[in-house]
Amino acid sequence: KMAAAGGTGAAAALWSEVNRCGQNGDFARALKSVNKILQISKDDVTALQCKVVCLIQNGNFKEALGVINTHSKVLTSDVIAFEKAYCEYRLNRIENALKTIQSASQQTDKLKELYGQVLYRLERYDDCLAAYRDLIRNSQDEYEEERKTNLSAVVAAQSTWEKVMPEDLGLREATYELCYNSACALIGQGKLNEAMKKLQKAEAFILFALIFLQDVTEEDIEAELAIIHGQMAYIMQLQGRTEDALQLYNQIIKLKPTDVGLLAVIANNIITINKDQNVFDSKKKVKLTNAEGVEHKLSKKQLQAIEFNKALLAMYTNQADQCRKLSASLQSQSPEHLLPVLIQAAQLCREKQHAKAVGLLQDFADQHPANAAEIKLTMAQLKIAQGSVTKACMILRSIEELQHKPGMVSALVTMYSHEEDIDSAIEVFTQAIQWYQQFQASQTRGANPKSPVHLSLIREAANFKLKHGRKKEAISDLEELWKQNPKDVHTLAQLISAYSLVDPEKAKVLSKHLPSSDTMSLKVDVDALENSHGATYVRKKAGKLTGDNQQKEQGQGDVKKKKKKKKGKLPKNYDPKVTPDPERWLPMRERSYYRGRKKGKKKDQVGKGTQGSTTAGSSELDASRTASSPPTSPRPGSAAAVSATSNVIPPRHQKPAGAPATKKKQQQKKKKGAKGGW
């Protein structure tokens with residue numbers, strides 16, 4: 001009894017220590033006291049509960065869950081359901097946490113709160129929304145603001161991932177979390193400018209907290225701002241401002257935030273901006289998406305998008321095996337998804353295996369008829385790239401849900417025209433027009449009004465037939481159009497023009513339906529048209545005329561002002577006393593006095609005989625013997641200048657006597673200095 005009494009007193013002191021440490025938040029010290037109590041009584045339910053709570057508060061979730069499982073006979077689900085579910089939730093065992101909550105006999109408020117968090121992580125947003133609404137309706141405590149924040153987060157997730165139009169919850173955006181969630185919902189709706197304003201408002205809330213609140217650290221502020229700035233950069237990227245977005249993304253990465261989910265999203269977005277460029281940077285950024293714990297921070301669609309981009313990056317970096325491995329893994333996870341098979345087909349095309357790529361796409365289209373349209377469009381594109389335009393047309397025409405679309409009709413007609421298959425092009429028009437006729441009849445219960453798209457197709461068909469000489473078929477279409485709108489003058493004019501080539505009498509009859517020229521006259525302000533900005537000719541505004549000028553203007557109003565002719569320029573050697581040569585306009589060879597060039601006249605006189613000997617004509621070349629020559633060296637060309645005045649042929653100039661020899665020396669020098677090319 002003494003020992004028992006002593007043990008009871010010691011336990012009481014330990015419980016007092018546990019209570020005091022719990023109130024002070026010193027759970028590590030409290031855990032030591034609880035362990036001492038369990039040494040005294042190992043199956044004490046209260047002590048075991050306190051131990052689990054202390055381990056949870058210290059972040060030892062795995063150890064806490066081990067204690068619960070070890071003492072499962074004592075710690076039943078009724079006693080410790082919340083703690084067990086919370087440990088499973090924090091250990092990312094979300095499915096187990098859901099089972100634990102659902103197996104609890106009593107659903108407390110704590111379990112309901114955790115239930116909402118679990119449903120959000122499982123992306124069961126409709127059930128999550130109902131759970132939070134029930135909590136807000138039936139709870140009145142200091143956590144109401146947190147519940148509203150979670151409710152807005154669910155609505156934002158629905159808008160972003162499920163493309164559900166969010167309902168107005170009537171929440172007052174009094175915190176930055178509410179502003180941020182509202183911005184995310186707006187991004188899901190495509191309202192990017194409004195979303196940016198909400199994010200700027202959230203940023204202002206955080207900066208206000210940094211300035212005025214004492215218990216907020218600068219690290220906390222930077223972490224929250226990084227999330228907001230990341231979302232701002234995403235909006236810029238969606239708006240096409242990729243340079244601004246890239247700059248902001250890199251600024252966030254330089255801050256090295258601890259949120260691995262944020263870093264993974266930013267790295268993925270940078271990779272999408274880089275595409276097939278700057279692949280070295282993309283390979284560095286892809287490492288951030290492989291960080292530990294990323295899979296628990298992001299939604300399934302975010303993780304899937306990251307995997308898609310990894311496969312594309314492998315393709316861009318010519319890692320064919322890695323690309324095939326990633327795309328095959330994605331296809332096994334989502335067999336109905338288009339992107340994995342499209343990536344595989346793109347990789348095959350890079351390897352020049354177009355036929356294999358088309359076969360892969362065809363197999364997918366057969367297995368998943370719901371997605372066959374997009375796949376067949378890709379198949380048609382591959383056929384066009386191979387030059388098989390006719391086969392591409394066959395594939396496109398097999399897409400029944402798109403056959404009648406104006407874009408598809410236009411593409412098919414263009415392709416058939418390129419192949420000069422006019423009959424097939426007209427058949428495409430006919431099928432589309434018939435589809436609209438049947439559709440309109442089913443919608444209007446037998447009535448036959450034409451929709452604008454239907455009428456537009458008929459008109460395009462008529463124009464195409466006229467262009468390719470199918471006049472009778474075009475006349476049928478034009479008559480249908482005119483029947484729908486007898487006041488359409490343009491259609492009537494086309495119809496008359498077509499009949500004029502086939503049945504002129506019918507054209508004359510129809511021309512009576514044309515409006516008169518008086519009714520067709522257009523009221524055009526000529527002055528306003530001439531003075532418009534785009535006018536190529538603008539009439540000058542007449543100035544005020546007074547007195548003699550006005551009379552002169554009136555008298556000479558009909559006389560055109562003549563332009564003054566400029567006097568022609570005379571040649572520099574023009575002599576008015578000399579009659580110009582009447583043959584000066586003819587080429588020199590065609591003139592009557594042309595005798596041809598005198599070649600070799602002095603060759604036979606100079607340079608003959610032995611070296612140093614003189615010839616009979618050498619005395620004629622000695623200028624010193626002439627009486628008129630000065631004793632100094634003669635000037636080349638002086639003799640020619642004298643003889644030029646005796647022969648009266650002004651346009652023809654004789655060369656100076658020394659010119660041929662000088663020119664010959666220059667040519668020799670030129671040849672000596674030249675390096676090839678002659």
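Begin by selecting Ser-77, a residue that is partly exposed, with a relative accessible area of 38%. This serine lies in helix α5, and from there you can select Ser-105 as well, which is 28 residues away along the chain although the C-alpha atoms of Ser-77 and Ser-105 are separated by 7.9 Å. Before going further, keep in mind that what you have open is a predicted model.

**The whole chain**

Now zoom out and colour the chain by secondary structure, which shows 34 helices and 0 strands. Of the 678 residues in the protein chain, buried residues make up 31%. The chain exposes about 45,800 Å², and carbon and sulfur atoms supply 52% of that area. If you display contacts between residues at least 6 apart in sequence, 47% of them join residues at least 24 apart.

**Confidence along the chain**

Next, colour by pLDDT: the mean for the protein chain is 79, and 79% of the residues reach 70 or more. Select residues 1-7, where the pLDDT is below 50 and where the stretch has 1 contact in the model beyond near neighbours in sequence. Then move to residues 612-678, where the pLDDT is again below 50 and where 19 contacts are found beyond near neighbours in sequence. Where pLDDT is low, the predicted coordinates should not be read in detail.

**Aromatic rings in helix α5 and beyond**

Return to helix α5, and show the side chains of the aromatic residues; the structure as a whole holds 5 aromatic pairs. One of these is formed by Phe-82 and Tyr-86, whose rings are stacked, at 6.0 Å centre to centre and with 20° between the planes. Both residues lie in helix α5, which covers residues 77-90, and they are 4 residues apart, about one turn of the helix. How far are these two side chains covered by the rest of the protein? Phe-82 is partly exposed, with a relative accessible area of 22%, and Tyr-86 is also partly exposed, with a relative accessible area of 24%.

For another ring pair, select Tyr-120 and Tyr-125, which form an edge-to-face arrangement at 5.8 Å centre to centre, with 65° between the planes. Which of these two tyrosines is buried, and which is partly exposed? Tyr-120 has a relative accessibility of 31% and so counts as partly exposed, whereas Tyr-125, at 4%, counts as buried. To see how ring pairs can join up, add Phe-61 to the selection of Phe-82 and Tyr-86, since ring pairs link these residues into a cluster.

**Two loops with a positive phi**

Stay close in sequence to Tyr-120 and Tyr-125 and select Glu-123, which sits in the loop between α7 (109-121) and α8 (125-138). The phi of Glu-123 is near 60°, a positive value in a residue other than glycine. Most residues other than glycine have a negative phi, and most peptide bonds are trans. Glu-123 counts as partly exposed, at 22% relative accessibility.

A further case is Asn-278, found in the loop between α14 (260-274) and α15 (279-285), where phi is near 55° and thus also positive in a residue other than glycine. Asn-278 is partly exposed, with a relative accessible area of 47%.

**An annotated repeat**

Select residues 226-259, the span to which an unreviewed UniProt entry gives the annotation "repeat: TPR". In the model, this span is 76% helix and 0% strand, and its end C-alpha atoms lie 9 Å apart.

**A buried phenylalanine**

Move on to helix α20 (residues 354-367) and pick out Phe-364, which counts as buried because its relative accessibility is 2%, under the 20% cut-off. What surrounds this side chain once residues up to four places away in sequence are set aside? Phe-364 touches Gln-331, Pro-335, Glu-336, His-337, Leu-338, Val-341, Asn-371 and Ile-375. Of these, Pro-335 is 29 residues from Phe-364 in sequence, and their C-alpha atoms are 9.3 Å apart in space.

**Cysteines**

Finish with Cys-128 and Cys-393. Cys-128 counts as buried at 0% relative accessibility, and Cys-393 is likewise buried, with a relative accessible area of 0%. How many disulfides does a search of the whole structure find? The search finds 0.

Conventions
Residues are numbered from 1 along each chain as its sequence is written. This is a predicted model: local features need pLDDT of at least 70, side-chain atom pairs count only at pLDDT 80 or more; totals for chains, interfaces and linings use all residues. Side-chain values use heavy atoms; hydrogens and water are left out. Buried means under 20% relative accessible area, exposed over 50%, partly exposed in between (1.4 Å probe, protein chains only). Contact means heavy atoms within 4.5 Å. Accessible areas come from the Shrake-Rupley method with a 1.4 Å probe; for residues, only the protein chains shown count as cover. Rings of Phe, Tyr and Trp (its six-membered ring) pair if their centres lie within 6.5 Å; planes under 30 degrees apart count as stacked, over 60 as edge-to-face and the rest as tilted. pLDDT is the predictor's confidence in each residue, from 0 to 100. A disulfide is a pair of cysteine sulfur atoms within 2.5 Å. UniProt positions are given in the numbering used here, feature names are shortened, and annotations may be inferred rather than shown by experiment.
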